[in-house]
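Colleague: I am new to this one. Could you take me through a single part of it, slowly and in order?

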Amino acid sequence: MDRLSADLGEGVKLSVIDEEGIVVVAASQGRREYALTVKPGQRMPTHASAASKLLLSYVEPQDLDQWLADPLPTYTGRTITNPKRFRAELARIKRLGWAQDKGESAPSIHAFAAPVFFKTGRLAAAVSVPFLAGADSSRMEEIRMAAIDTGRAISDAMPT
């Protein structure tokens, strides 16, 4: 994570899902001007961030039903609040192997997230890179690919 943060200049976080929702368990601060600050212990919206959507895309259907039992709050005009549309988004994320936040929890914050797996193949966490809106497409692709590569590297380094 520190290497990714140093390479991109952006903050990087590692998040997991627990019974209360999505929590950041590790973070590396970016050094780029206007890099977003991330910190361990920070709670994320359960349905409106790249990491949260990625994590929810791997939960069992009955567990997802519990997460979607209550109405999904709206944070911005891009927040997905319709459960059917949200389920379709989660299926797309799992198929692609990465998630994107296009200003769903805050209009000026975007992010990419990638999975981290235990050696058994079970999802362990999500590594994500939040960044300010307005990045050009080549920069966004650089961030997306770096997040995916880092998720794979962390997965490969997981103990057995």
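Modeller: What follows is a walk through one sheet and the helix that lies across part of it. Keep in mind that this is a predicted model.

Start with the sheet. Six strands make it up, and it is open. Their order is E3-E2-E1-E6-E5-E4, with antiparallel pairing. E3 (43–44) and E4 are the edge strands. Each has a single partner strand, so one side of each has no neighbour in the sheet.

Now go to the E4 end. E4 covers residues 99–102, and E5 covers residues 109–117. Four bridges join these two antiparallel strands. One residue to find there is Gln 100, whose bridge partner in E5 is Phe 112. E4 and E5 form a hairpin with six residues between the strands. In that hairpin, Gly 103 has a positive phi near 85°.

Next, step from E5 to E6, residues 123–132. Nine bridges join this antiparallel pair. Pro 115 has Ala 126 in E6 as its bridge partner.

Then add the helix. H5 lies across E4, E5 and E6. It runs at about 25° to E5.

Finish on one residue of that helix, Ser 155. H5 spans residues 137–157, and Ser 155 sits within it. Is Ser 155 buried or exposed? Its relative accessibility is 11%, so Ser 155 counts as buried; the cut-off is under 20%. A polar atom of its side chain lies 2.8 Å from the backbone oxygen of Gly 151. Leaving aside residues up to four places away in sequence, Ser 155 touches Pro 115, Val 116, Phe 117 and Lys 119.

Key. Residues numbered from 1 in each chain as written. Predicted model: local features only at pLDDT ≥ 70, side-chain atom pairs only at ≥ 80, totals over all residues. Heavy atoms only, no water. Pairing = 2+ DSSP bridges. Buried < 20%, exposed > 50% of the residue type's maximum accessible area, 1.4 Å probe, protein only. Polar contact = N/O pair within 3.5 Å; in protein donor to acceptor, adjacent residues only side chain to side chain. Contact = heavy atoms within 4.5 Å. Axes fitted to C-alpha atoms, helices over the stretch in contact; angles between N-to-C directions.
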